[in-house]
Amino acid sequence: MSEPSTLVRAKNLVKEFSPRGGIFARRKGRGVRAVDGVSFEIQRGETLALVGESGCGKSTMGRLLMRLIEPTSGEVDFDGIELLKANDADFRTIRRRIQLIFQDPASAFNPRMTVGAIIAEPMRLAGFSRERCRERVKELLPLVGLADFHADRYPHEFSGGQRQRIGIARSLAVHPEFIICDEPVSALDVSIQAQVINLLTDLQKQFDLTYLFISHDLRVVRHIADRVAVMYLGRIVEIGDKRAIYSRPLHPYTQALIAAVPLPEPGRATSHTRLTGEIPSAQNIPSGCRFHPRCPYAMPICHERDPATVVTGDGRQVACHLVSQSLDIQPQALEPQRM
Amino acid sequence: MLMGTLRGTPLLSVRDLSVQFRTDQGLITAVDGVSFDLRAGQTLGIVGESGSGKSVTAMSLLRLLPPATTRIARGEILLEGRDIIKASESELERIRGRDVSIVFQDPMSSLNPVLTIGRQICEPLRLHLKLSRAEAKERAVDLLGFVGIPSPRESLGSYPHQLSGGQRQRVVIAMALACRPKVLIADEPTTALDVTTQAQILDLLRELQSKLHMAVILITHDLGVVAEFADDVLVMYAGRMVEKSPVSQLFARARHPYTQGLLNSIPPFGDQELEKLPAINGTVPSPFAMPSGCAFHPRCTFASSACLEAVPELASCGPNHVAACLRVTELERMHA
Amino acid sequence: MRTRIVPVLAALFSLSATTLAFSAEKTLSVAAAVFPRSLQTGQSSFAALSLIAQTNEALVGRDNAGNISPGLALKWEAVNETTTRFHLRQGVKWHDGKDFTAEDVAFTINRIVDPKVGYGLLARIGQVSGAKVVDKYTVDITTKTIFPTLVRGLSDIVIEPKHYYEQAGEQAVIQRPIGTGPFIYKTYVPGDRYELTANKDYWGGAPKYENLVIRQIPEAATRVASLIAGETQIIEEVPVDLIEQIESSGRAKIDEITTSAGLILTYDVRKPPFNNPKVREAFDYAINKPAIFKEILKSRGEILDGQLLTKSTLGYNPEIKARPYDPEKAKALLKEAGFNFKTTVPLATQSGKYTSDVDIANVVAGMLNEIGVNATVNVVEGGVWSQMSTALEMGPLHMIAWYSLGDADFSSVWFTKLGKRSVWINEEYDALFTKARSTSSEEERVKYYNEMMALMHKENPAMFLFGLPSIYAVSNSITGFGAASDKVLRVNKAELK
Amino acid sequence: MLRTIAHRLTLAPLTLLLVSFVTFIILRVTGNPVDIYLDINRTPEQVAALTERLHLDKPLLVQYLIYLRDLVQGDFGQSLQYGGPAIDAVITSIGPTLRLLSAALLLAVTLGTVAGLVAAVYRDRFPDAVLSALAVAGQSMPSFWLGILLIQLFALKMQWLPTSGSGGFKYLILPALTLSAVLLPNFMLVTRTAVLDLMNEQFVATARAKGLSRIRILLTHILPNAANPLLSFLGIQIGTLMGGSIITESIFGWPGIGRLMISAVSNRDAPVVLATVFLVSITIILANLVVDVLHSIIDPRIRH
Amino acid sequence: MARSLFKGQLKLWLGGGFVLAVVLMAIFADWIAPYDPYRQNLLMRLKPPAWMEGGSTRHLLGTDNYGRDLLSRLIYGARISLLVGVSSMVLSCTIGLVAGIFAGYKGGRCEQVIMRLADAHMAFPDILLAIVMVAAMGGGAFNLILVLGISRWMIYARVIFGLTRSIKQRPFVEAAASYGAKDVYITFRHILPQLVPVLTVLAALQVAQMILQETALSFLGLGVPPPAATWGNILAEGRDRLFVAPWIANAAGLAIILLVLSVNLFGNGLRERFDPRMRQAA
């Protein structure tokens, strides 16, 4: 790992999906804020895991970072370059340095293309010669544990794990620095999951890659991440070092999340905190702290005021009134999370 | 009334169950020689990866597989001594939903989208218990309250899409429990749910089981869920059972290399950190190209030449513990 | 759901049942091929007159053979060269009970001759200048010149009630006509049916049945089927091919009559190739008229003798004979004329307007093909046809029939400047026509007519094909009905068995 | 639900505008009504009067706008063919057409649903093979020939039914049969596919696990769900059915809107053609609205 | 399963074979047809087919009203039916494809405009539009192709729109976009190839519809004008002679149903081959 320096910095990212409407019926109304003012940094060479339950906005977040979805507002800084303001040519070269690995390896490929063509596609789009593409494919296949002859086959001839390897090979094709892994193993069987996770960590070491690892599986995240960001309803509620978060989660949601993980330890006491209710729809976000309706420790202030993000002693950032109070910080003294 | 069977004698007894599918490419054996016993109040976890035959086993228990393409090739399914395989369609209809119920993975698609949940819960009540419309409705309200649906009476008129995922699964469970079945089969009941919801549903199931003293078959791919929930565990691989034991024993001392591999490949959650996860190499075999001998041998680090030839039988390797591995004793010695 | 849908459907079906409110025994059903667009008087189609004549009558009657008889006028005499006096039938009542008087006649005639009205049949009495009431039952009609065809022309002009026009207006008259005729208007559904009830007080004797329904069934085969199935008792425009079928069914018989219509193929003589008389002559030689007459018309009607007029029409020239069928000569003539065989020659015709019209057009085109002419058939719909004929742009060839009503004047007029329909203008012909119109001597008129026919035969403004038959099929259960040479339905004397 | 109805309602004026515009322009460009309706004996006064009445001296677009203005006031213009208001002719004709359509629809829907259910239940077995083969044959059958065959058989040979025209119930049978054949095969196939698809649904397995019999599942679980795709299909097919009625009407001399349309078109009676086109579109839009409402009655997901 | 595969195969061969035979027949009509289809012979009018009383082997299927050989006319008639059927399909397919991809890919206002147009058009019977247009523009093969082509574009547009939109949401399109692929590239490389199977099946089935539509218009007298030998014309002429010469209408009717049936079989066979679960598209 090289010297810690920031590769990606997201600041106050917001994505609001506008409501659907016809040409005549432009319905007035609030859009859905899938991502609501998210800021974080990723250091070069590290793995930041973004965890949360379905609908919390973590996948949208990943796509905002590479402008696959255009953010409504906010800033993304990649290696010192303001991504959202970059012109087309600049953006094209930057985009090559950021790659995405998809959750469902079955649908991530055009079923009518051979594996070779699939892996070569990013290169061809980047203007590589046919010859170089072929060579690079030959390099990449063994790298991800596949054989040369696989290049002429079609995706449907492969198993799920193998397909994810193809996806990884494709994402590596143009020598990226930053890879966004969107639930890369959640569609795989347990025994295959481990293989792919190992591959990802090997590659990270080999090519000095930086990962944003999006997942709902806290066990996998526990293994692969350096730092963890927990998202709830479009916000990051807690972000910090993996060990700190897993050993002593501060935000009640993080606590509940970790407590809910079923562990292969029969007889373990099950007296852990259970959340009631379920994650509300992003269309009607609760007032105040958006977690308060499910929070076992909710206080009157939680109903009214959006908690500000505070930094704890171990460098963690948490957005919770309870934490702020225990730290004895006046919430109003802090800069609000979003302008 | 659930005490009709004495503790100790099995409520459900499956012997050498084999199920075959007719496909375009020919006949395949999806489940081969599965046997287990289930007593009232007991929970059996069936664990396996996709294609291991665990869901097919579950569906066969109620003979829910389409007869046009499936065939139960061998075996017996004895429910309180009656063989379900020999039962007529009308006998089956009496058993289903009354003696044995099933909960599927995806609560959304398990519910008919155009019928109210009240109507769907009342269906088995009216059918099996011959309740009147009003009686059934009252029972449905009770049931919904029982599974933790807030304001159950109002919910009767709701449609599935108006509920959240967790509530839907609660409704499905209420439906399955409507006639107080002796056996509840839960086929990946929490896979489609979020972690926090999964925890809630598992808690609910556990609570219901202890209240109703049902036998539960829990089918899952998640060893963590099994560890929290089951009394006994049956591990399946490529259609065959490879190991069966009480849950504590399995997690403490798995005997089959596959089970061991499976346990090892779960990322640890405690304080220890691993550079690399111990993964099982290779992939699950296709049902059309089953390896000879032990189906696991191509992926097994301990495979010997014998494993290529003989299909291992289940052999006892401890109290209530069986495993289907030729080298189970050798390995035991190796580890010791 | 079911409970709500059923009554709605039941209502829909019962609705359809109520339209059949007539008792079948007392109803005469007639199937017509063509319906007019409305019941407006003055439309120059026989289809219109045939419907209008059920309710309204003319001063002068006309029978199936075309003979003139007293109608609403009992008798008439010339007062001077340009005035004719009509003595009206007394005691005739309109359907609303009002008396029919000379006022009505004067009103009708004076209305028609007003050019602003645009009365389509005005040409029938084109020379009339007006009408004057002499007394309640006497009226004088004056003409601009001597007008020998006045009386015959009046047989096409129905008299309309003055009081009704004044009370209700023209639209109402069209929507719900009132007449003196044997039948009273009940409903008219354009394109479908005209329902009438018998006029019990008809001066000519009440019809022997209660209701008359005239249905439009455009498809000939369906018309025949309806007759054989007993749904209709009389059908018009029987296609010649089906005659045998009807006769062999044992349920109906054929009644036919030769009409006064001459079916001709008109050339556009203003433009090439038909501005060349040799081409027109060649075409005449190319068509085997006797073969068509025998095979297509099954020898019904007649072959025109090289002239516009049928044999029974006043003015028929017995000396003219049709040019014989001689394809070799036709080819030779065409070559001589430098005819361009590559150009297409479309032949415009209407469909179902005249007996076997499309068939004849197709066969003619086929025969032209035989001599190397690239002829095609262009079946033109009614609306387009009238558009084309108004613009006098019918294309190089078009097929049409002119009715003479027994007197050459009525059909030969269409080739004069006065008739406005001809692209062939011949001063000599026009002069002869004017002379014929201006003499009161029938002998002289015939002489002029004969000369006109001879001139036309020589000049060939059109190919003269056939005198058309009018073929009806009548159920055996009907008596007292006969085929009409003018295609006007006369059913008031019919009886249902 | 309100959304779909609102969608329909915004679509309605668009459809009407579009359809009337296209028809208006086509008809105006291709024939001058003055030439059609005033014959050679016309007077200049008449020409001037008609030209003014029909605004023919104005630019085409202005003519259309004037037409629209009159339309809004309920004035479709005078029929050139029949003299009276154009809309009257259309209204007299739409009754028989609706009668024919509803009879055909009833036939097609009942027979199609039953046949589709049977085919689905006996999937890949003899009844399915026969019904599916018949359906494909039916799809390939030109309705006009079917009409002709029916006339040959039932009217000419057996003489059971009238050949054409309108009147009592007997007159309705053959046209309704012919018209229903336009829809029936497709309706059956859609039913079959829908039912087969639904049979694979998890909730059907759940219902079976509850102990419900197959027939009960078919009736109480599958059919209500199948109604959904079937209704959508019906919505799309209403136009086709309307189109089919034009041909059917001309075969059987049924005095409906189709025959009126054909005669109006060939006589260049623009006001009647436009009024017909307008009413047909409105009928289809209304029918689709009914379908939408039924949709929402059957499917709670749409309702909420 | 294997049985149904075979069934699909059988449909494909049976349907395709007959269609091919008709195509060859149409192309080589000059050699195959025993007579000139336009050659009249008044003495041989309305002769029944060879197997009926009064028929002769000189005219296998009998003659029509003008003594023209019915078999020859049917053989030549295939030309028009196929020409109009295929050409109008190509036209409407092209319009629909472009509109559908555009609407499905671009979305937004573009989608609104195109799909509302398609909806509006859908709410209007295509035959009605065809009647108005043909009546105004006149018959003839070219006009017919134009009219039929325009009258059905929205069927393709709707199917293609739906497919494009769903393909666009598939991750591989997103993947391509993430490498900086431009819209045109994505359309041609990733979307079009996915559309091919559906489009092929739809097109095949639509040819059948187009042939039916052409014959329907000809039957109403709005098709290619006589004396052109088209199946619709023959049927319309035959209808007027159902009493005396039912074989004319029936021969043409049979020809139409056989061709349309084979095209349908072929299309269904294709559908089962490409995707047994593909929805009723047409």
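Two strands pair if DSSP finds at least two bridges between them; helices (H or I, at least four residues) and strands (E, at least two) are DSSP runs, numbered from the N terminus. The model is predicted, so local features need pLDDT of at least 70 and side-chain atom pairs count only at pLDDT 80 or more, while totals for chains, interfaces and linings use all residues. Residues are numbered from 1 along each chain as its sequence is written, chains are lettered from A and ligands numbered from 1 in the order in which they are written, and side-chain values use heavy atoms, with hydrogens and water left out.

**Exercise 1.** Work out how strand 9 and strand 10 of chain A are joined, and place them in their sheet.

*Solution.* Start with the pair: strand 9 (residues 227–232) and strand 10 (residues 235–241) of chain A run antiparallel and are joined by 6 bridges. One bridge partner is A:D241 in strand 10, which faces A:R227 in the ladder as its partner. Next, widen the view: chain A has an open sheet of 8 strands in the order 6-7-8-3-9-10-12-11, with mixed pairing. Its edge strands, pairing on one side only, are strand 6 (98–101) and strand 11 (309–311).

**Exercise 2.** Find which strands helix 5 of chain A touches and how helix 9 of chain A runs relative to strand 9.

*Solution.* Take contact as heavy atoms within 4.5 Å, and angles as running from 0 to 180 degrees between N-to-C directions, with axes fitted to C-alpha atoms, for helices over the stretch in contact. Helix 5 (residues 160–172) of chain A packs on the sheet and touches strand 6 and strand 7 (178–182), its direction making about 170 degrees with that of strand 6. Helix 9 (residues 252–259) of chain A lies across strand 9 and strand 10, at about 105 degrees to strand 9.

**Exercise 3.** Describe how helix 7 of chain D meets helix 11 of chain E.

*Solution.* First, the geometry: the axes of helix 7 (residues 143–157) of chain D and helix 11 (residues 246–274) of chain E come within 10 Å and cross at roughly 140 degrees. Therefore helix 7 of chain D is oblique to helix 11 of chain E, since angles under 35 degrees count as roughly parallel, over 145 as roughly antiparallel, 65 to 115 as roughly perpendicular and the rest as oblique. Then, the residues: among those in contact are D:F144 and D:W145 from chain D, and E:P246 and E:A249 from chain E.

**Exercise 4.** Which chains does chain A or chain B fail to touch?

*Solution.* Chain A and chain C do not touch, with nearest C-alpha atoms 32 Å apart. Chain B and chain C have no contact either, their closest C-alpha atoms lying 16 Å apart.
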